[in-house]
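Here is a friendly walk through one protein model, from its interior out to its surface. Have the coordinates open as you read.

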Amino acid sequence: MTNHSKTNRVSVIVPVYNVELYLEKCLTSLVNQTLQDIEIVVVNDGSTDASQQIIDRFSIEFPLKIKAFTKENGGLSDARNFGIDRASGDYIGFVDSDDYVSETMFGEMLNLAEKHDAEMVICNIQKVDELGNITQKLTQIPNMPEKIDLESNFSVFSDLSYFACNKLFRRELFQNKRFKKGVHFEDIQVIPQLLLECKTLAQTQNYHYHYLERSNSISKTHTEKGLDILNAVLDVEDAFQLSKYSSKKNELKNFQILEGVYTFLAYLAFVKDDYVFKNMSNKLSIFMQERNVKFKDILIYNRFDRNYLLSLPLKKKIYYLLYFSGFYGVLKKIM
């Protein structure tokens with residue numbers, strides 16, 4: 001373990017669990033950042049493969065940048081929280097250990113945070129396959145300027161994709177917040193709550209974050225854990241009511257539609273067990289009824305000033321329309 005006494009401008013937290021095939025590329029992209037005032041907090045969350053040997057090698061080669069820890073396995077949220085508690089940076093970022101980033105990512109994002117006095121900075125994401133080929137570009141906020149005042153542009157709350165890994169956070173945002181342990185979709189649960197503490201966001205349209213779509217990823221397994229999406233929305237609703245933006249009810253409803261309906265349905269589409277599918281569908285119906293979300297609201301929902309349903313690929317569009325038409329039996333044939 002390396003001890004660091006100085007305060008760094010940016011701490012990047014990297015939870016590690018059995019990623020020996022991908023970790024070197026991830027850490028290489030971080031130690032090669034153009035930003036020099038950076039620490040990389042690597043948390044080995046009980047790996048049983050050769051991940052620790054890779055961490056050890058980087059710790060020896062880059063002792064001033066790598067801050068390495070080991071702990072018993074506790075899951076992604078627990079590892080991130082462990083890293084937050086040991087980070088010294090004024091700003092905190094997160095990189096998953098099978099992904100990698102451009103060499104200018106944290107330099108540019110820190111510059112934007114300081115330039116605009118922003119509590120949160122966002123960059124674009126591109127998905128890549130295991131050969132490094134770009135499979136999809138995910139533009140985050142295409143209709144907003146570099147500096148975003150939340151009070152006057154609060155549509156961001158319901159437009160934004162709530163990934164942790166393409167953002168830089170002012171450290172103070174985590175003073176009373178942590179990732180919820182033992183759940184899936186922990187980003188949807190906590191990142192909106194952090195945004196509700198912000199006054200100013202900043203963004204770059206550069207695709208700094210490279211998200212690896214692994215063929216063996218846990219995200220390919222679709223179970224009742226998907227109900228954590230609805231539970232995450234519930235937690236955000238509670239925080240919303242206590243926030244300075246509590247009067248902006250329309251944006252809250254749009255958030256409920258995007259995350260509680262569309263994100264949930266995108267997950268539900270790949271649930272293979274019929275009993276689980278029906279149970280989760282019933283939970284969605286209750287969620288919508290309790291929030292007075294009508295089918296019409298879903299049809300007219302706009303994201304980035306465009307009708308969301310119309311902007312979807314034809315296959316997804318058909319799936320959503322079939323779902324709300326009650327044709328459950330044919331859904332799995334098109335997904």
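Which members of the largest nonpolar core touch the most other members? In this predicted model, they are F94, F106, F157 and L195, out of the 109 residues in that core. Helix 8, spanning residues 249-268, supplies the largest share of the core, with 10 residues. As general background, nonpolar side chains in soluble globular proteins tend to be buried together.

F94 is a good place to zoom in. Leaving aside residues up to four places away in sequence, F94 touches I13, R80, I84, A164, C165, K167, F169, F174, F179 and Y209. The charged names in that list, R80 and K167, are worth displaying alongside the aromatic ones, F169, F174, F179 and Y209.

Next comes helix 1, residues 23-31. Its buried residues are L23, C26, L27, S29, L30 and V31. Among the elements that cover these buried residues are strand 1 (10-16), strand 2 (38-45), helix 2 (51-61), strand 3 (66-71), strand 5 (100-101) and helix 4 (105-116). When you look down the helix axis, keep in mind that an α-helix has 3.6 residues a turn, so residues three or four places apart point the same way.

Strand 11, residues 200-203, has buried residues on both sides: T200 and A202 point one way, while L201 and Q203 point the other way. Two strands that pair with strand 11 are set out here.

| Partner of strand 11 | Sense | Bridges | One bridge pair |
|---|---|---|---|
| Strand 6 (residues 120-122) | parallel | 3 bridges | M120 with L201 |
| Strand 9 (residues 147-149) | antiparallel | 3 bridges | D149 with T200 |

Now for the outside. Where does the nonpolar surface patch get its largest share of residues? That share, 3 residues, comes from helix 10, residues 295-300. The patch covers about 320 Å² and is made by F295, L299, I300 and L321. L299 sits in helix 10, and its relative accessibility is 31%, which is why L299 counts as partly exposed. Patch members need over 30% relative accessible area, so the 31% of L299 passes that cut-off.

Is G182 buried or exposed? G182 counts as exposed because its relative accessibility is 61%. This glycine lies in the loop between strand 10 (167-170) and helix 6 (186-195). For a sense of distance, G182 and T135 are 47 residues apart in sequence, and their C-alpha atoms are 30 Å apart in space.

Terms used. Residues are numbered from 1 along each chain as its sequence is written. This is a predicted model: local features need pLDDT of at least 70, side-chain atom pairs count only at pLDDT 80 or more; totals for chains, interfaces and linings use all residues. Side-chain values use heavy atoms; hydrogens and water are left out. Patches are made of residues with over 30% relative accessible area and no salt bridge: like charges are joined within 9 Å, nonpolar side chains (Val, Leu, Ile, Met, Phe, Trp, Tyr) within 5 Å. Accessible areas come from the Shrake-Rupley method with a 1.4 Å probe; for residues, only the protein chains shown count as cover. A salt bridge is a side-chain nitrogen of Lys or Arg within 4 Å of a carboxyl oxygen of Asp or Glu. Helices (H or I, at least four residues) and strands (E, at least two) are DSSP runs, numbered from the N terminus. Buried means under 20% relative accessible area, exposed over 50%, partly exposed in between (1.4 Å probe, protein chains only). Contact means heavy atoms within 4.5 Å. A nonpolar core is a set of buried Ala, Val, Leu, Ile, Met, Phe, Trp, Tyr and Cys residues joined through side-chain atoms within 4.5 Å. Two strands pair if DSSP finds at least two bridges between them.
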